[in-house]
Amino acid sequence: MGYTQAEFFTMFFALFVILILGVIFKFTLRKAPLSVRQMPINVLGAIILILELVKQGYHLIAGDWGTWYIPLHFCSFFLVWYAVALFTHGKIRQLMYFCSIVGGFLVSVLMFIAPRMILHDAAHDVWGSFNHFHTFFYHMGVIAYWVWLLMLDVFKPERSQIRSAVMIYTGFYFVVITGAFIFQENYTNVLRSDIGLLESLRMSAGQFTYDILLLAIGVAAIAIISTTTYFVMSKWQNYRQKNALQLEENQIEQNS
């Protein structure tokens, strides 16, 4: 919890840049077709995927690659969403957008509440090492992706996305839990918790109870955010459509 002075400046400056770029994209591309408005999203997704490949190659060449670098962390889920979105269209791409918004919002809140829980010390010294650089820009890319999705108006909410997102995230949680025990790596805090209260629970109630609770908390969080995202975005789109229709009717009346 809390920020160092360097973390505060670096993180909020990066957020400011993300928002400014989003505004520029929004007003530059506001009259462009969907395929053009999606271009900043596609480019960002491709950059994040390339950075992950570079990270894997870097550690293989350096000779310090280990099972910790297998993308089974919660934030690794986004690699799947971005890759699938990049190479699909229609409902599948929109579902990946939805998963990106839901998970991205959760990561963003956690990151700005407790930066070191997500970024460790990367924001304190971004250029100190390759790992710091990758960690910081990867997670800021995650924020930019979902924020730009909304600002560029490329996401179309559907009620079915709620159930699909919850099922997909739940499936990935089970993959992560399995991987954590197979490789004995603490992916997504499966083996032990960085949060004191949860760690105390694990020590007193046992590993199985702890992991079931962790799974329940994760699924509940995704379900709540998914449901909220759908209803907020649906209300917003309905409001915009009504305004557009009213504007069109007013123009017809003025021309008649």
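A nonpolar surface patch, as the term is used here, is a group of Val, Leu, Ile, Met, Phe, Trp or Tyr side chains, joined within 5 Å, from residues that have over 30% relative accessible area and no salt bridge. With that in mind, the tour of this predicted model can begin at such a patch.

**The nonpolar patch**

Select Phe9, Phe13, Phe16, Val17, Ile20, Leu21 and Ile24, which together make a nonpolar surface patch of about 650 Å². To place the patch on the fold, colour helix α1, residues 5-29, in which Ile24 lies. Ile24 counts as partly exposed because its relative accessibility is 44%, a value that lies between the 20% and 50% limits of that class.

**The whole chain**

Now zoom out and show the cartoon, where the protein has 10 helices and zero strands, so that the pattern read along the sequence is α-α-α-α-α-α-α-α-α-α. Along the principal axes, the C-alpha atoms fill a box of roughly 75 × 40 × 35 Å. If you switch to a surface representation, the accessible surface comes to about 14000 Å², and carbon and sulfur atoms hold 70% of that area. Of the 256 residues in the protein, 45% are buried. Among contacts with a separation of 6 or more, 74% are between residues 24 or more positions apart. Colouring by charge brings up 16 positive and 14 negative charges, whose mean positions are 11 Å apart.

**Salt bridges**

Side chains of opposite charge can pair when their charged atoms come close. How many salt bridges does a search of the whole structure find? The search finds five, and three of these, described below, are worth selecting one at a time.

Start with Arg116 and Glu7, whose side chains meet in a salt bridge with an N to O distance of 2.4 Å. Arg116 lies in helix α6 (residues 115-119) and Glu7 in helix α1, so this pair ties together parts that are 109 residues apart in sequence. The two partners fall into separate burial classes: Arg116 counts as partly exposed at 35% relative accessibility, whereas Glu7 is buried, with a relative accessible area of 2%.

Move next to helix α3 (residues 39-62), where Lys55 and Glu52 are three residues apart and therefore separated by about one helical turn. These two residues form a salt bridge, with their closest N and O atoms 3.4 Å apart, and both Lys55 and Glu52 are buried.

Then select Glu199 and Arg202 in helix α9, which are likewise three residues apart and separated by about one helical turn. The closest N and O atoms of this salt bridge are 2.6 Å apart, and Glu199 and Arg202 are both buried. An α-helix has 3.6 residues a turn, so residues three or four places apart point the same way.

**Phe130 and what it touches**

Keep Lys55 on display and add Phe130, which is placed in helix α7, residues 130-151. Which residues beyond four places in sequence is Phe130 in contact with? They are Val54, Lys55, Tyr58 and His59, and Lys55 is also the residue that forms a salt bridge with Glu52. Phe130 counts as buried because its relative accessibility is 19%, and the cut-off for that class is under 20%. For a sense of scale, draw a C-alpha to C-alpha distance from Phe130 to Leu191: the two are 61 residues apart in sequence and 27 Å apart in space.

**The buried side of helix α4**

Select helix α4, residues 77-87, and show the side chains of its buried residues, which are Phe77, Phe78, Leu79, Trp81, Tyr82 and Ala85. Displaying α3, α5 (90-113), α7 and α8 then brings in elements that are included in what covers those buried residues.

**Two positive phi values**

The last stops are in loops. Select Asp153, found in the loop between α7 and α8 (160-183), where phi is positive, at about 55°, although the residue is not a glycine. Asp153 counts as buried at 19% relative accessibility.

Finish at Gln184, found in the loop between α8 and α9 (196-205). Phi of Gln184 is near 55°, again a positive value in a residue other than glycine. Is Gln184 buried or exposed? At 54% relative accessibility, Gln184 counts as exposed.

How values were computed. Residues are numbered from 1 along each chain as its sequence is written. This is a predicted model: local features need pLDDT of at least 70, side-chain atom pairs count only at pLDDT 80 or more; totals for chains, interfaces and linings use all residues. Side-chain values use heavy atoms; hydrogens and water are left out. Patches are made of residues with over 30% relative accessible area and no salt bridge: like charges are joined within 9 Å, nonpolar side chains (Val, Leu, Ile, Met, Phe, Trp, Tyr) within 5 Å. Accessible areas come from the Shrake-Rupley method with a 1.4 Å probe; for residues, only the protein chains shown count as cover. A salt bridge is a side-chain nitrogen of Lys or Arg within 4 Å of a carboxyl oxygen of Asp or Glu. Helices (H or I, at least four residues) and strands (E, at least two) are DSSP runs, numbered from the N terminus. Buried means under 20% relative accessible area, exposed over 50%, partly exposed in between (1.4 Å probe, protein chains only). Contact means heavy atoms within 4.5 Å. Lys and Arg count as positive and Asp and Glu as negative; His and the chain ends are not counted. The place of a charge is taken as NZ of Lys, CZ of Arg, CG of Asp or CD of Glu.
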